[in-house]
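Reader: I have a structure open in front of me and would love a close look at one part of it. Could you pick a single helix, walk me around it, and then show me how it sits in the rest of the chain?

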Amino acid sequence: MATAAPQAASTISDPTATLGPRIRALREAMGFSLRELTERSGVSAPMLSQVERGETSPTLAVAGKIAKGLELTLSQLLRLDEGQHVAISRATGRRRSERGGHRIEELTPPLPGQRADVSLHVLEPGATTGGRKDPPMHEPGSRETAVVLAGTLALVVDGARHELQEGDSVTFDADLPHHFENEGEEATRFLAVIAAGLRRS
């Protein structure tokens, strides 16, 4: 008598039953809508929705596409490379982007429930943040702290300008209109820490 191939060979079995909620939390942490993740991953919106709600388990191929859409490896998505509740962000595997003389390196991996993100920024002379392709304003209640590692930096927040020197730091309400400028002659390096939803009205 022929026997059916085991289901586990083609689908992901998440022993903690948290893969769906994890995918949703990662998607929301990165600011992606379901449609945006569909475009980035090539996985249909109905399938993504079913996976996020735990109604179906993705195949390895589908899970791999979702991971790619979230800028993760399959192992990172499935938490196969994490131990003792520690997530290491290796220097060679971090998410990086560049636009208009503004380079960004994400130092923290996108984890479910994470309420703070740390990123390293490099602004070339004359460059600014807050361009058309930059991320939208942060969620209500967010705060941001910037630490100038090298060079000079100007922060313009809610119309007010603040000049910063190497070693200076600033904390401000990040849900207000803001951007950084480098008017110096050398590249500026600074760290940005964004904590979501902390400000009390």
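Author: Happily; what follows is a walk around helix 4, its surroundings and then the strand-rich part of the chain.

A word on the source first: this is a predicted model. The protein chain holds 5 helices and 9 strands. Read from the N terminus, the order is α-α-α-α-α-β-β-β-β-β-β-β-β-β. Helix 4 covers residues 60-69.

Let us begin with the side of helix 4 that is hidden. Its buried residues are V62, A63, I66, A67 and G69. Looking down the axis of helix 4, these buried residues fall within an arc of 160°, so they line one face of the helix. On the other side, A61 and K68 are exposed. And what lies over the buried face? The cover for the buried residues of helix 4 includes helix 1, helix 2, helix 3 and helix 5.

From here it is a short step to the core. In the largest nonpolar core, which has 16 residues, I23, I66, L70 and L77 touch the most other members. Two or more residues come from each of helix 1 (19-29), helix 3 (45-52), helix 4 (60-69) and helix 5 (74-78). As a general background, nonpolar side chains in soluble globular proteins tend to be buried together. I66 deserves a second glance in your viewer, as I66 is one of the buried residues of helix 4 and also one of the four core residues that touch the most other members.

L70 is another good residue to click on. Setting aside residues up to four places away in sequence, L70 touches I23, L26, R27, M30, F32, L37 and L77. Two of these partners, I23 and L77, are named with L70 among the core residues that touch the most other members.

Just after helix 4 comes E71, which takes a positive phi of about 60°. Most residues other than glycine have a negative phi, and E71 is a residue other than glycine with a positive value. E71 sits in the loop between helix 4 and helix 5. With a relative accessible area of 37%, E71 is partly exposed, because buried requires under 20% and exposed requires over 50%.

Now turn to helix 2, one of the elements covering the buried residues of helix 4. S41 belongs to helix 2, which spans residues 34-41. Although serine is outside the residue types counted in a nonpolar core, S41 is buried, with a relative accessible area of 10%. A polar atom of the S41 side chain lies 2.7 Å from the backbone oxygen of L37. A polar atom of that side chain also lies 3.2 Å from the backbone nitrogen of V43. Leaving out residues up to four places away in sequence, S41 touches L48, K65, I66 and G69. Of those, I66 and G69 are among the buried residues of helix 4, which brings us back to the helix we started from.

To see helix 4 in its wider setting, look at the rest of the chain. A second, separate core has 14 residues, including A146, L153, L155 and F172. F172 takes us to strand 7 (residues 169-173), where the side chains alternate. V170 and F172 point to one face and are buried, while S169, T171 and D173 point to the other and are not. Strand 7 runs antiparallel to strand 4 (residues 143-150), and 5 bridges join the two. Across this pairing, R143 stands opposite D173.

Two loop residues round off this part of the picture. D158, in the loop between strand 5 (153-157) and strand 6 (160-164), has a positive phi of about 50° although it is not a glycine. At 53% relative accessibility, D158 counts as exposed. G184 is in the loop between strand 8 (178-181) and strand 9 (188-195), and counts as partly exposed at 22% relative accessibility. The C-alpha atoms of G184 and G151 are 7.3 Å apart, with their positions 33 residues apart along the chain. Apart from neighbours within four places in sequence, G184 contacts P125, G126 and T152.

Finally, some values for the chain as a whole. Buried residues make up 34% of its 201 residues. Among contacts with a separation of 6 or more, 63% are between residues 24 or more positions apart. The accessible surface comes to about 12,000 Å², and 51% of it belongs to carbon and sulfur atoms.

Key: Residues are numbered from 1 along each chain as its sequence is written. This is a predicted model: local features need pLDDT of at least 70, side-chain atom pairs count only at pLDDT 80 or more; totals for chains, interfaces and linings use all residues. Side-chain values use heavy atoms; hydrogens and water are left out. Helices (H or I, at least four residues) and strands (E, at least two) are DSSP runs, numbered from the N terminus. Buried means under 20% relative accessible area, exposed over 50%, partly exposed in between (1.4 Å probe, protein chains only). Contact means heavy atoms within 4.5 Å. Accessible areas come from the Shrake-Rupley method with a 1.4 Å probe; for residues, only the protein chains shown count as cover. A nonpolar core is a set of buried Ala, Val, Leu, Ile, Met, Phe, Trp, Tyr and Cys residues joined through side-chain atoms within 4.5 Å. A polar contact is a pair of N or O atoms within 3.5 Å; within protein, one must be able to donate a hydrogen and the other to accept it, and residues adjacent in sequence count only if both atoms are side-chain atoms. Two strands pair if DSSP finds at least two bridges between them. The arc is that of the directions from the helix axis to the C-beta atoms.
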